[in-house]
Amino acid sequence: MYDLIGDIHGCAYELKALLAKLGYSARDGVWRHPTRQVIFLGDFIDRGPEQVEVMKIVRAMVDAEQALTVMGNHEFNAVAWATQIATSSGDYLRPHTDDNRKQHAEFLAQVCEDSELHEELIDWFRGLPLWLDLPGLRVVHACWHLPSIEILTEHLDDRQRIRDEGAWVSLTRPGDPAYEALETVLKGLEIPLPEGVEFKDKDGKIRRRVRTRWWKTHPITYRDLAIAPLEVIPRIPHEPAPEHVLPGYDGNKPVFVGHYWLSGTPRPLSSRVACLDYSVAAGGKLCAYRWDGEHDLVGEHFCWVDVDRSQPETQGAAS
Ligand SMILES: [Mn+2]
């Protein structure tokens, strides 16, 4: 059976504490459990203090078949940042703008941009699957959305890994259906607001679409669905979203996601959907779910460690 672990973002101290709490111990540099395996939900890097150490732990577990993983949007972006388009332009799949560099700066500093380790990690990220559809459960970084999954499939190999250079180009080209599908699966589903409705986001940008709580299943309004800063919520109409824009989830199997920077006490979003991202890099929790094969997810199977930044000197002690 599996222990699923949410977004780590360079918090190696909390990762080791959580693995220990789940009953794993490190032997010959690999964290193992006598009977269980981990499934990571992606977003290993950016933001946190020990990104190289996190990658050492995660890679060792995956390479020794003690863990499975999917790709997060941060690993996708890391590959796109480091990959030059195969023309003489010298451009990268992810433009080297100041904003993009800022988001990725901690990783580039810790790994040393263009070092051998950087190249090795980028190669490893390239080989991560976008989702896992296993007997009894599904795993994806942000949203299980069938239409997007269908669009992406032709760009992937039979293990859901991005097929080749051409696929990377399509997946990073704004406006391409494959790009939109990738955004949905790794960053969440956006829906268009009703005709004529718009709001300004925190950067003052006019928005006519809103990111959704796609796991909601009951008849709901645009406002119920919206994931947006508190101050813009009143500007989103409290009118029912029509059937055809409602994302929904078929609920055939439980699905685990990360990505949403939740806070509070971890619990399932619905009986079939659990988010395990509880904002560890912002001082929250590193969160796991102990899955024992159940079809209905339960609050008691969540397991987490709170961030304790008061003890940086003891980092590494648990390994
Ligand atoms: Mn994410």
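**Exercise 1. Strand pairing**

In which sense, and over how many bridges, do strand E13 (residues 255-257) and E14 pair?

Solution. This is a predicted model: local features need pLDDT of at least 70, side-chain atom pairs count only at pLDDT 80 or more, and totals for chains, interfaces and linings use all residues. Residues are numbered from 1 along each chain as its sequence is written, and side-chain values use heavy atoms, with hydrogens and water left out.

- Step 1. Fix the terms: strands (E, at least two residues) and helices (H or I, at least four) are DSSP runs, numbered from the N terminus. Two strands pair if DSSP finds at least two bridges between them.
- Step 2. E13 and E14 pair in the parallel sense, over 3 bridges.
- Step 3. Locate one bridge: Val-255 has Val-273 in E14 as its partner.

**Exercise 2. The sheet around this pair**

Give the strand order and find the edges of the sheet that holds E13 and E14.

Solution.

- Step 1. The order is E6-E7-E13-E14, an open sheet of 4 strands with mixed pairing.
- Step 2. Strand E6 (131-134) and strand E14 (273-275) each have a single partner strand, so one side of each lacks a neighbour in the sheet.
- Step 3. On average, neighbouring strands here are turned by 15 degrees against each other, direction ignored.

**Exercise 3. Helix packing**

How do the axes of helix H3 (residues 73-82) and helix H4 (residues 98-111) cross?

Solution.

- Step 1. Axes are lines fitted to C-alpha atoms, for helices over the stretch in contact; angles run from 0 to 180 degrees between N-to-C directions.
- Step 2. The two axes come within 11 Å and cross at roughly 100 degrees.
- Step 3. H3 is therefore roughly perpendicular to H4, a label for angles of 65 to 115 degrees.
- Step 4. List the contacts (heavy atoms within 4.5 Å). Asn-77, Ala-78 and Trp-81 of H3 meet Asn-100, Arg-101, Gln-103, His-104 and Leu-108 of H4.

**Exercise 4. The metal site**

Which residues are the protein donors of the manganese ion?

Solution.

- Step 1. Donors are N, O and S atoms within 2.8 Å of the metal (3.2 Å for Na, K and Ca); water is not among the atoms, so sites may look incomplete.
- Step 2. The protein donors are Asp-43 (OD), Asn-73 (OD1), His-141 (NE2) and His-259 (ND1), at 2.1 to 2.3 Å from the ion.
- Step 3. Their spacing along the chain reads D-x29-N-x67-H-x117-H.
- Step 4. Place two of them: Asn-73 lies in helix H3, and His-141 in the loop between strand E7 (137-140) and helix H6 (146-153), 68 residues apart.

Methods: Parallel < 35°, antiparallel > 145°, perpendicular 65-115°, else oblique.
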